[in-house]
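Biologist: Before we begin, could you put the structure up, so that we can go through it slowly with the students?

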Amino acid sequence: MRVVVVGAGLAGLTAAVGLVAAGAEVTVLEARDRVGGRMHGIPVSTSVVADGGAAYLGVRHTELLAQVQEYGLGLASTAMAGDSTFLVSDRRRTTASRMPPLDAVALGDLFDRLEDIVASVRPDAPWQSPEAERLDRLSAARWLADEVEHPDARTFFPLFLGEMMAADPAAISVLHMAFYLRSGGGIRYLNAFEGGAQQWRIDGGAHLLCLALADRLGERVRLRQPVSAIDQDDDEVVVRCVPDVVGARSEYRADWVVVAVPPLLAQQIEFRPALRAPRATAATGRGCAVKVHLGYPAPMWRESGLSGWSVSTNGPLLSTVDDSPPDESAGVLTGFVTGAAASAFSALSTTEQRDAALAHTRQLFPLLPPPTQCRVTDWLAEKYSRGCYAALFGPGDWLRLGPTLTEPHGRVHWAGTETSLEFFGLMEGAIRSGRRVATELINGAESAAASRKVLSR
Amino acid sequence: MSTDHIVQIFRRVLETSAVDAHSDFFELGGDSLLAIRVLSAIARDFGTELLYEDFVDNPSPAGLFARVAAVVP
């Protein structure tokens, strides 16, 4: 069995390793000059690499933890000590708890309402949830305007969705919001560091896992091979690439193809015969996340009793987290620019981005010296990711895209974290999708029958 | 309106029946996100809006009920 995997992110690499183990002849085509996709190491000092993209995991991420162990990687705890910092309408406060200085009853009421909606979603088929049509049409911003009156709850809601799913509430449906929160293990699990989805980082950077997977695959991984078209007939599939460098256009022939790229990128590939169901629509958005890494000689904020955790009601750095290495050999503060703030930030020049980030940091932590490093990772501008953490399903998308997320298009099968109903948008979802697609191809008889059906229509 | 009512709120929010009048919310696994949902339930059911600090200082049903009783003459 010859298989071409399109995309050397965590999903594609996981699928490829599984297929190789089952005896398949596998080629992985990657558009960039590196593997890892939305997992990318950013050097912040001579010895420390920060996570430019996906970073955190928790105990429920069982497939990811198994891979971390299999490839001999370590975990770094995110446990933090010290006070939180809050900038609410430019007024700075520090408090012992992670609770922002906003009206607690109003926020509690907001989360009661969110819990109700999250509980109503069918995690195995969100498009079949009760009231799916209404919730799919309604934007999260509209829902907030209709349901929630208190100004503090209205202030907090976009910050929460930005942090949880890198989404501007205006860009996603209520169904997507509720599904995402449910898929990740519920609001409380997804929100928590200790005991939640942010319990650990992968020591040295999450990208190390992708490097390890790619290392196992060796020369099967071909870099700088952006796929432009996938043609299939009764006998085989031809995957056509347009390499970035000037040169001959290359073709790869296979029995099966796994497309393991984000939906917006999959939708750009030219399929012959054409797709019967789209992978993305005009409403499908890019995950709006920009990460700003600030490097210091040591985690100096700890000396003044601060955890490095902050939340600001105005951008760009809507939250910051202490991502320093466990040995404290450097200090790393990660600033998250998410949602609408990310779109605005992404439009700035490099200098303006840096100035805005540094000015915000001075406001948050006036006692800190200027950082020795300031690195901006703008996922909105990444041609071969088109956003991060994950695609944002806009109004109408779940009913349109949901039922066919994993339905093969003839010889073409789908992977990627956006095809996983479990831990959608997370590294765990990517791995689960990769394992699922490998199993589909290994038990290929069924799919072979399905492919003939597609082509005869 | 009673301590027992707040015991019920704790049970619902924490999704555990192992709550009595003197249970410490945070020792039962509660966090700030769940604590504010207790505060919103108390506000709904008792008409009294407590502060987050009230909760942290009195994280048991009996302690919170004492705060409610102190606020409502």
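Biologist: Which residues of β13(A) make up the covered face, and which make up the uncovered one?

Modeller: Please keep in mind that this is a predicted model. In a regular strand the side chains alternate between the two faces of the sheet. In β13(A), the covered face holds A:Ser250, A:Tyr252 and A:Ala254, and the uncovered face holds A:Glu251 and A:Arg253.

Biologist: Which strands stand at the edges of the open sheet to which β13 of chain A belongs?

Modeller: The sheet is an open one of four strands with mixed pairing, in the order β13-β12-β11-β15 of chain A. Its twist averages 15 degrees from one strand to the next. An edge strand has a single partner, so one side of it is left without a neighbour in the sheet, and in chain A this holds for β13 (250–254) and β15 (270–272).

Biologist: In which sense does β12(A) run against β13(A), and against β11 of chain A?

Modeller: Five bridges join β12(A) to β13(A), and there A:Val238 stands opposite A:Arg253. On the β11 side, A:Gln232 stands opposite A:Val237 in β12(A). Five bridges also join β11 (residues 227–232) to β12 (residues 237–241) of chain A, and both pairings are antiparallel.

Biologist: Which residue forms a salt bridge with A:Arg240, and how far apart in sequence are the parts that the pair ties together?

Modeller: Side chains of opposite charge can pair when their charged atoms come close. A:Arg240 is buried at 15% relative accessibility, whereas A:Glu251 is partly exposed at 40%. The closest N and O atoms of A:Arg240 and A:Glu251 are 2.4 Å apart. Because A:Arg240 lies in strand β12 and A:Glu251 in strand β13 of chain A, the partner A:Glu251 ties together with A:Arg240 parts that are eleven residues apart in sequence.

Biologist: Which residues are joined with A:Arg240 into one network?

Modeller: The network arises from salt bridges that share partners, and A:Arg240 and A:Glu251 both belong to it. The other members are A:Arg2, A:Asp231, A:Glu236, A:Arg253, A:Asp255, A:Glu270 and A:Arg272.

Biologist: Why does A:Glu30 have no salt bridge with A:Arg32, the nearest side chain of opposite charge?

Modeller: A:Glu30 is buried in the loop between β2 (25–29) and β3 (41–43) of chain A, where the residues it touches include A:Gly7, A:Arg222 and A:Pro226. A salt bridge requires the nitrogen and the carboxyl oxygen to be within 4 Å. The rule is therefore not met, since A:Arg32 is 4.6 Å away.

Biologist: Which residue does A:Arg32 meet in a salt bridge, and how many residues apart are the two?

Modeller: A:Arg32 counts as buried at 8% relative accessibility, while its partner A:Glu382 is partly exposed at 27%. The two side chains meet at 2.7 Å, N to O. A:Glu382 lies in the loop between β20 (373–378) and α13 (397–401) of chain A, so the pair links distant parts of the chain, 350 residues apart.

Biologist: Which strand pairs with β20(A), and over how many bridges?

Modeller: β20 is an edge strand, as is β8 (91–95) of chain A, in an open sheet of seven strands with the order β8-β7-β17-β18-β19-β16-β20. One bridge partner pair is A:Leu294 with A:Cys374 in β20(A). The strand that pairs with β20(A) in the antiparallel sense is β16 (residues 289–296) of chain A, over six bridges.

Biologist: Which residue of chain B do A:Asp109 and A:Asp112 both reach by a salt bridge?

Modeller: Across the interface of chain A and chain B there are five salt bridges. A:Asp109 has its closest atoms 3.7 Å from those of its partner, and for A:Asp112 the N to O distance is 3.1 Å. A:Asp112 is buried, with a relative accessible area of 8%, while the shared partner, partly exposed at 47%, is B:Arg44.

Biologist: What area is buried between chain A and chain B?

Modeller: In this interface 14 residues of chain A are in contact with 15 residues of chain B. A:Val105, A:Asp112 and A:Arg188 supply 45% of the area that chain A buries against chain B. Carbon and sulfur atoms give 63% of the total, which is about 1,300 Å².

Conventions
Residues are numbered from 1 along each chain as its sequence is written. Chains are lettered from A and ligands numbered from 1 in the order in which they are written. This is a predicted model: local features need pLDDT of at least 70, side-chain atom pairs count only at pLDDT 80 or more; totals for chains, interfaces and linings use all residues. Side-chain values use heavy atoms; hydrogens and water are left out. Buried means under 20% relative accessible area, exposed over 50%, partly exposed in between (1.4 Å probe, protein chains only). Lys and Arg count as positive and Asp and Glu as negative; His and the chain ends are not counted. Contact means heavy atoms within 4.5 Å. Two strands pair if DSSP finds at least two bridges between them. Axes are lines fitted to C-alpha atoms, for helices over the stretch in contact, and angles run from 0 to 180 degrees between N-to-C directions. Buried area is the accessible area (1.4 Å probe) that two parts lose on being put together, summed over both. Lists of a residue's contacts leave out its neighbours within four places in sequence.
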